Amino acid sequence: MLVSELADRAEVPVATVKYYLREGLLPPGDMTGPRRAEYDESHLRRLRILRALREVGGASVSALQVIVDAVDDAARPTHELLCEMADALSPPLPEDDFPSDPELARSVDATIEAMGWTDVRPDAAARSRLAEVVQLGGAELLTVNPEILGYYAHLADELCRAEREFVDPTKDRRGMLEDMVVGEAVFGEILALFRRLAHEHYDAQRQLKREDPA
């Protein structure tokens, strides 16, 4: 297919496809003429992955580059690549002057230890971002304490165990990596949206009870 058809099937502007090609995020097509190239289904899948990570996961272009390089590197261990991709998807908060509460920050490490997640890296970007989020939301805005952190950690543990069953073991290494990193963005957003819908439902139910206490 030509670049215009590729863009149309992926539902992205041609300019975006050309940008990804220039940045090396999308592999070049097969040249069939001086200024003409043909693209196949692998290009379409890569483009859809980039779109999901960008539009749903909010990944930056630099994060996309890390992820693409990791997926394309067949020589490195899969776990190492997954850690690198997870770091790319967990950048630090843009604001660096949020309220500092060392006790709340330490509670993140304590929760991870209590969960028995002994293989979480000390310098994992998600660990650092979680500590930032907890300090930002817990210092003055919300009640964030070890009990609440433990509750959410147990939910995450159960969810992660279930999600691992979604991975298709028949796919090759590249396919599994792509599925896992896209799932990180898509299923995370699905969870957040279901949570908002549930809040809407239960808040409406509470309002009805207030209006009709009988």
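In this predicted model, arginine 161 and aspartate 157 form a salt bridge whose closest N and O atoms are 2.8 Å apart. Both residues belong to helix α8 (residues 146-163), and because they are four residues apart there, about one helical turn separates them. The two partners differ in burial: arginine 161 counts as exposed at 59% relative accessibility, whereas aspartate 157 is buried, with a relative accessible area of 18%. Aspartate 157 falls in the buried class because its 18% is under the 20% cut-off. Elsewhere, Arg45, Lys171, Glu178 and Asp179 are joined into one network by salt bridges that share partners.

**Salt bridges across the chain**

The whole structure contains 15 salt bridges. One of them pairs arginine 51 with glutamate 11, with 3.4 Å between the closest N and O atoms. Arginine 51 is in helix α3 and glutamate 11 is in the loop between α1 and α2, so this bridge ties together parts that are 40 residues apart in sequence. Arginine 51 is partly exposed, with a relative accessible area of 27%, and glutamate 11 counts as exposed at 59% relative accessibility.

Arginine 127 and aspartate 109 also meet through their side chains in a salt bridge, at 2.5 Å from N to O. This pair links distant parts of the chain, as arginine 127 lies in helix α7 (residues 125-138) and aspartate 109 in helix α6 (residues 102-114), 18 residues apart. Arginine 127 counts as buried at 15% relative accessibility, and aspartate 109 as partly exposed at 35%.

The three pairs described individually are listed below.

| Basic residue | Acidic residue | N to O distance |
|---|---|---|
| Arginine 161 | Aspartate 157 | 2.8 Å |
| Arginine 51 | Glutamate 11 | 3.4 Å |
| Arginine 127 | Aspartate 109 | 2.5 Å |

**Nonpolar cores**

In soluble globular proteins, nonpolar side chains tend to be buried together. The largest nonpolar core here has 31 residues, and those touching the most other members are Leu6, Val17, Tyr20, Leu47, Leu53, Leu64 and Met85. At least two residues of this core come from each of α1 (3-10), α2 (14-23), α3 (41-56), α4 (61-72), α5 (78-88) and α9. A second core, separate from this one, consists of eight residues, including Leu104, Ala105, Ile112 and Val134.

Valine 17 illustrates the contacts around the largest core. Apart from neighbours within four places in sequence, valine 17 is in contact with Val3, Leu6, Ala7, Val12, Leu26 and Leu47.

Leucine 26, one of those contacts, lies in the loop between α2 and β1 (30-33). Leucine 26 is buried, with a relative accessible area of 1%. When residues up to four places away in sequence are set aside, leucine 26 touches Leu6, Val17, Tyr20, Leu21, His43, Arg46 and Leu47. Serine 42 is 16 residues from leucine 26 in sequence, with a C-alpha to C-alpha distance of 9.7 Å.

**Aromatic pairs**

Two aromatic pairs are found in the whole structure. Tyrosine 19 and tyrosine 20 form a tilted pair, with ring centres 6.0 Å apart and 50° between the planes. Tyrosine 19 counts as partly exposed at 30% relative accessibility, while tyrosine 20 is buried, with a relative accessible area of 7%. Tyrosine 20 is also among the core residues that touch the most other members.

The other pair, tyrosine 151 and tyrosine 152, is edge-to-face, at 5.5 Å centre to centre and 85° between the planes. Tyrosine 151 counts as exposed at 52% relative accessibility; tyrosine 152 is partly exposed, with a relative accessible area of 46%.

**A nonpolar surface patch**

Nonpolar side chains also appear at the surface, where Phe166, Phe187, Ile190, Phe194 and Leu197 make a patch of about 540 Å². Isoleucine 190, one of these residues, lies in helix α9 (residues 173-211) and counts as partly exposed at 34% relative accessibility. Helix α9 also supplies at least two residues of the largest nonpolar core.

Definitions and conventions
Residues numbered from 1 in each chain as written. Predicted model: local features only at pLDDT ≥ 70, side-chain atom pairs only at ≥ 80, totals over all residues. Heavy atoms only, no water. Patch = residues over 30% accessible without salt bridge, like charges linked within 9 Å, V, L, I, M, F, W, Y side chains within 5 Å. Areas by Shrake-Rupley, 256 points an atom, 1.4 Å probe, with all protein chains shown as cover. Salt bridge = Lys/Arg side-chain N within 4 Å of Asp/Glu carboxyl O. Buried < 20%, exposed > 50% of the residue type's maximum accessible area, 1.4 Å probe, protein only. Core = buried A, V, L, I, M, F, W, Y, C linked by side-chain atoms within 4.5 Å. Contact = heavy atoms within 4.5 Å. Phe/Tyr/Trp six-rings, centres within 6.5 Å; stacked < 30°, edge-to-face > 60°.
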